[in-house]
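Subject: The structure I promised you

Hi,

Here is the structure I said I would pass on. Have a look at it first, then read my notes underneath with the picture open beside you.

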Amino acid sequence: MKGGIVMITKISEITVDDIKNYLRISEISDRDKIYLDTILKVSVDFIQNNTGLEKEDLDKYSDLVAVVYVLCQDLYDTRSYYVDGKNVNNVVSTILDMHSRNLL
């Protein structure tokens, strides 16, 4: 703990409130809490699928904490498939590519 602020070094320590604070959201509804919880889980799954690490191994790498925050921000800020009308959202595209079974 430093100056009343708890330093997060493991992905499993990240909470919805941490994401809310990172996104600089002052007040959130119950619906927003559910959405933030969803994007937190999606971000962790994204990292796991992209790295091939098991969920329990993610906590061994403190630098992945920053990745979770960045992914959550991207998912929160960019809530559409097309970012600017013509370019596809890279996070969404990558997630779909990781799960693609139709590789024709």
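Below is what turned up, going from the whole chain down to single residues.

One thing to keep in mind from the start: this is a predicted model.

**The overall picture**

The chain contains 4 helices and 0 strands, so if you read along the sequence you get the pattern α-α-α-α. Of its 104 residues, 27% count as buried. The accessible surface of the chain is about 7500 Å², and carbon and sulfur atoms make up 50% of that. Among contacts with a separation of 6 or more, 58% are between residues 24 or more positions apart.

**The core**

Some background first: in soluble globular proteins, nonpolar side chains tend to be buried together. Here, the largest nonpolar core has 23 residues, and the ones that touch the most other members are Ile11, Ile14, Ile19, Leu36, Leu40, Ile47 and Val68. Helix 1, helix 2 and helix 3 each put at least two residues into this core. Which helix gives the largest share? That is helix 3, with 7 residues.

**Helix 2**

Helix 2 runs over residues 30-51. With 22 residues at 1.5 Å each, helix 2 should span 32 Å, and its end C-alpha atoms are indeed 32 Å apart. Its buried residues are Leu36, Ile39, Leu40, Ser43, Val44, Phe46, Ile47 and Gln48. Just after the helix comes Gly52, which takes a positive phi of about 80 degrees.

Four of those buried residues are good ones to click on:

- Leu36: leaving out neighbours within four places in sequence, Leu36 is in contact with Val16, Ile19, Lys20, Leu23, Ile25, Ile28 and Tyr76.
- Leu40: this residue is buried, at 8% relative accessibility. Beyond four places away in sequence, Leu40 touches Ile14, Thr15, Val16, Ile19, Val68 and Cys72. The C-alpha atoms of Leu40 and Gln73 are separated by 9.7 Å, although the two residues are 33 residues apart along the chain.
- Val44: with a relative accessible area of 9%, Val44 is buried. Setting aside neighbours within four places in sequence, Val44 is in contact with Ile11, Lys55, Leu58 and Val68. Val44 and Val65 are 21 residues apart in sequence, and 9.4 Å apart in space from C-alpha to C-alpha.
- Gln48: is it buried or exposed? Gln48 has a relative accessible area of 19%, and buried means under 20%, so Gln48 counts as buried. Not counting residues up to four places away in sequence, Gln48 touches Leu53, Glu54, Lys55 and Leu58.

**Helix 3**

The 14 residues of helix 3, at 1.5 Å a residue, should span 20 Å, which agrees with the 20 Å between its end C-alpha atoms. The buried residues here are Leu64, Val65, Val68, Tyr69, Leu71, Cys72 and Leu75. Around the axis they cover an arc of only 165 degrees, so they sit on the same side of helix 3. It helps to know that an α-helix has 3.6 residues a turn, so residues three or four places apart point the same way.

**The aromatic pairs**

How many aromatic pairs does a search of the whole structure find? It finds 2.

In one pair, the ring centres of Tyr22 and Tyr69 are 4.8 Å apart and their planes are at 35 degrees, so the pair is tilted. This pair links distant parts of the chain: Tyr22 is in helix 1 (residues 16-22) and Tyr69 is in helix 3 (residues 64-77), 47 residues apart. Tyr22 is partly exposed, with a relative accessible area of 36%, whereas Tyr69 counts as buried at 14% relative accessibility.

In the other pair, the rings of Tyr35 and Tyr76 have their centres 6.4 Å apart. Rings pair if their centres lie within 6.5 Å, so Tyr35 and Tyr76 do count. Their planes are at 45 degrees, so this pair is tilted too. Tyr35 is in helix 2 and Tyr76 is in helix 3, 41 residues apart, and this pair also links distant parts of the chain. Tyr35 is partly exposed at 28% relative accessibility, and Tyr76 is partly exposed with a relative accessible area of 22%.

Happy clicking!

Technical notes
Residues numbered from 1 in each chain as written. Predicted model: local features only at pLDDT ≥ 70, side-chain atom pairs only at ≥ 80, totals over all residues. Heavy atoms only, no water. Phe/Tyr/Trp six-rings, centres within 6.5 Å; stacked < 30°, edge-to-face > 60°. Buried < 20%, exposed > 50% of the residue type's maximum accessible area, 1.4 Å probe, protein only. Expected span 1.5 Å × (residues − 1). Arc of directions from axis to C-beta. Contact = heavy atoms within 4.5 Å. Areas by Shrake-Rupley, 256 points an atom, 1.4 Å probe, with all protein chains shown as cover. Core = buried A, V, L, I, M, F, W, Y, C linked by side-chain atoms within 4.5 Å.
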